[in-house]
Amino acid sequence: MSDDDGMLLNFDTNADFGEKTVAKVTGGRWKDRRRLKMMVTGQQPNKKRKIEKARENDRERQEIVPREASVGKNVEVEAKNARTAPLVAGPQVVSSLFTSNREISTSSNDNARDESAVHKPSNAPLFKDTFESVGVQELLVNHLKEKMRIQKPTSIQKLVFSYLLLADEGRDKDLFINAQTGSGKTLAYFLPILSRILQMNVRVDRKSGCFALIVAPTRELASQIYSVISMLTNCCHYLVPCLLIGGERKKSEKARLRKGCNFIIGTPGRILDHLQNTQVIREQLSHTLRYIVLDEGDKLMELGFEETIRDILNILHQVPVSTERYPQLPSRIVHVLCSATMQNGAAKLGDVALNDYKLLSTRKKKHDDAINEAPDQLLQRVVVVPPKLRLVTLAGGLDEIHRKHKQTKSSQTSRTMVFLSCSDSVEFHYETFSSNDAYHRNLVGESVRLMDKGNSILPSFLSDTDPDVVFYKLHGSLSQPIRTSTLESFSKDSASTKGKHLIMFCTDVASRGLDLPHVGTVLEVDPPFSTEDHLHRIGRTARAGQSGEALLFLLPGEEEGYLGKIKPYHPKGWKLLKYDEDLLKPAFQETSVRRSDRNDKPDGTIHDWDTNATTWHLNVERRVLEDSTFKSLAIKAFTSHVRAYATHISDEKAFFNIKLLHLGHLAKSFGLRERPKGIGAQNSSEKDSSKKTPKENTKNKMFRLARMAVKESASEFNY
Ligand code: AMP
């Protein structure tokens, strides 16, 4: 049966039924004669022809092979045909994954990484120095070594300690700390603060007042700083931190403030809210506040917190500082601004928040006027992937990482982060991968034959027969408790995650400052919205001297030019991958074991990797066709992705130009066989007069909505 189906699918009925060969049709009504003639010649009535013509834009001069619509009938045969030629399923066009893709122009790597060289970690602790030698208080040194397993300071820590801790001439100056991601910035500014309080040898407790206020751009980062401080203050439990973040109950935060705290950590909006409306916070800060830390300064500016920060500073600068109380502490408020990148935003915040400051940076001198760099030990890889193949290449990429995970010690947990541009896309990819096999078993029925246990032609991790993989999703549209518990589960080794491969699909909400342990690989499937974002995303791996890998996806064409833009950030170079040879082939190639497993198949056919990749993709497409919830997820994801694409900063528009996106091909990587119609229809009711104005075409409407989205981009992440 399956063979016959295959034959049918290959018939090209258009080819041999030209006008001349058709027998004359006579008799009956003219309409019937016309319809019959059209049927025989394969032509379509006018209206249908128009629709078909519109679709042709997407098909791009491809040869069209009509086939019968046979959803779920024979994925394998369909895949074999679809591999090289597009299919027409009734009104559906199934374009082939591997044809009509734009050529990739980056054939040689002009920033190749020297893989034979040993790349020493650039953000690792220093071997020569000790915490004692840089003046950290003894109790803390012991606590760091015994409880936190931190033995030696990193270079940025050593540098900051010399200004905030040692009796240096620059002591108590405002500081602008600029250091690589994962270099220990939190301890760099907080250890000296805590150390000086402990060195006072004065009895202090939670009622003594608040000494430091730390502002972070995201709730996640604020929570993480809070945990680091909580961990450090375990050795001096009479000192208490307090967390104030959006999404939490203000009432319980007020109650905690009333009990007293020595360090306040929070997000700008919530801190300002309390400063304006909660009397007790001002009482806590009066006379004792000595340090204001603004963490991730550039992100604070990017998210539009400049005014909020100004308001916070105005209020805090009116709070009295009494030098009689705690004279061992600075005699004025010391401002510390941290940023892993030093682009315009951070510099501007420096002007707003700092007075006569000292810039502390571990950057190499040659880039003094420019930028920060990726850690030397981070292995950056780049792959140029045609838009149609993005989803299947992501599957290949994840499979590669999973195979490496399988080779590591069984007790070791691997963590992978997949960065996407928007919440909807995270939802779609999470759903696609996390319920992949379950879906096939339940819905596709017959086609699952190829994916049965032990008989899989799919990447190993894509089967839920592999209990080793746990999928997560994180984005700003999830509620705060879910965001918090997701991060907790992803980052902590527990009985349910130990030894597993944890894969998290996320937006940039997870890119800033988060210190998630042992993230082995970062995949940037959607390119970052700025080079700073790129550094922050890849900075989730290769932290504090550990190794790590990152893989950046780019589209063929203008996006390839982005490599020139990020080259200075990667002085150690990168490795250029081929999406087919390096990612798809190894993942979808049948191993000899799999082949022998499949000898019991009736036809004994052995398929090439590209057929297998196509099979996998067709199953995603089928799911979109059959499962309406999944379909709306795919459409939403595609639409939001295109809108988000328009939010690339103007500096980088030359590489990420929405007008040059091939929407039809891009839709394919969301499992959609054609570009969704009627995008933005929800707004149509608002425009009653629309009948009078000329009709806007779908593409223009999408661009207009994309421009609107630029303005709303910050709220997307719901910081
Ligand atoms: P941060 O840049 O503050 O997010 O810190 C990155 C990671 O480095 C965290 O996991 C810290 O616990 C760790 N870390 C900070 N300082 C040191 C150090 N001196 N030695 C080893 N690890 C450190």
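1. In this predicted model, strand E8 (residues 291–294) and strand E9 (residues 334–339) run parallel and are joined by four bridges. One position along this pairing can be named: Ile292 stands opposite His335 in E9. As background for the reader, the strands of a sheet pair through backbone hydrogen bonds, and the pairing may be parallel or antiparallel.

2. Helix H13 (residues 306–318) packs on the sheet to which these strands belong, where H13 touches E5, E8 and E9. The direction of helix H13 makes about 175° with that of E8.

3. The sheet itself is open and consists of seven strands with parallel pairing, in the order E6-E7-E5-E8-E9-E4-E10. Which strands form its edges? They are strand E6 (241–244) and strand E10 (358–361), each of which pairs on one side only. From one strand to the next, the twist averages 15°.

4. Helix H8 (residues 219–232) also packs on this sheet. The strands touched by H8 are strand E5 (212–215), E6 and strand E7 (263–266). The direction of helix H8 makes about 170° with that of E6.

5. A second open sheet also deserves attention. Its seven strands pair in the parallel sense and follow the order E13-E14-E12-E15-E16-E11-E17. Strand E13 (469–474) and strand E17 (575–578) lie at the edges, and each pairs on one side only. Neighbouring strands of this sheet are turned against each other by 20° on average, with direction ignored.

6. Within the second sheet, six bridges connect strand E12 (residues 414–419) with strand E14 (residues 501–506), and the pairing is parallel. Here Phe419 stands opposite Cys506 in E14. Helix H16 (residues 423–434) packs on the sheet and touches E13 and E14. The direction of helix H16 makes about 165° with that of E13.

7. Which strands does helix H18 (residues 480–491) lie across? They are E12, E13, E14 and strand E15 (519–524). Helix H18 runs at about 145° to E13.

8. The model also contains a ligand with 16 residues around it, of which Lys152, Gln157, Thr186, Asp515 and Arg543 come nearest. For three of these residues a side-chain distance can be reported. A polar side-chain atom of Gln157 lies 2.8 Å from a nitrogen atom of the ligand. For Thr186, an N or O atom of the side chain is 2.8 Å from an oxygen atom of the ligand. For Arg543, an N or O atom of the side chain is 2.7 Å from an oxygen atom of the ligand. How much of the accessible area that the ligand has on its own does the protein cover? The protein covers 81% of that area, which is 490 Å².

9. Two records concern residues 129–158. UniProt, in an unreviewed entry, annotates this range as "domain: DEAD-box RNA helicase Q". UniProt also lists residues 129–158 as "short sequence motif: Q motif", again in an unreviewed entry. In the model, the chain over residues 129–158 is 43% helix and 0% strand. The C-alpha atoms at the two ends of residues 129–158 are 8 Å apart.

How values were computed
Residues are numbered from 1 along each chain as its sequence is written. This is a predicted model: local features need pLDDT of at least 70, side-chain atom pairs count only at pLDDT 80 or more; totals for chains, interfaces and linings use all residues. Side-chain values use heavy atoms; hydrogens and water are left out. Two strands pair if DSSP finds at least two bridges between them. Axes are lines fitted to C-alpha atoms, for helices over the stretch in contact, and angles run from 0 to 180 degrees between N-to-C directions. Contact means heavy atoms within 4.5 Å. UniProt positions are given in the numbering used here, feature names are shortened, and annotations may be inferred rather than shown by experiment. A residue is near a molecule or strand if one of its heavy atoms lies within 4 Å of it. A polar contact is a pair of N or O atoms within 3.5 Å; within protein, one must be able to donate a hydrogen and the other to accept it, and residues adjacent in sequence count only if both atoms are side-chain atoms. Accessible areas come from the Shrake-Rupley method with a 1.4 Å probe; for residues, only the protein chains shown count as cover.
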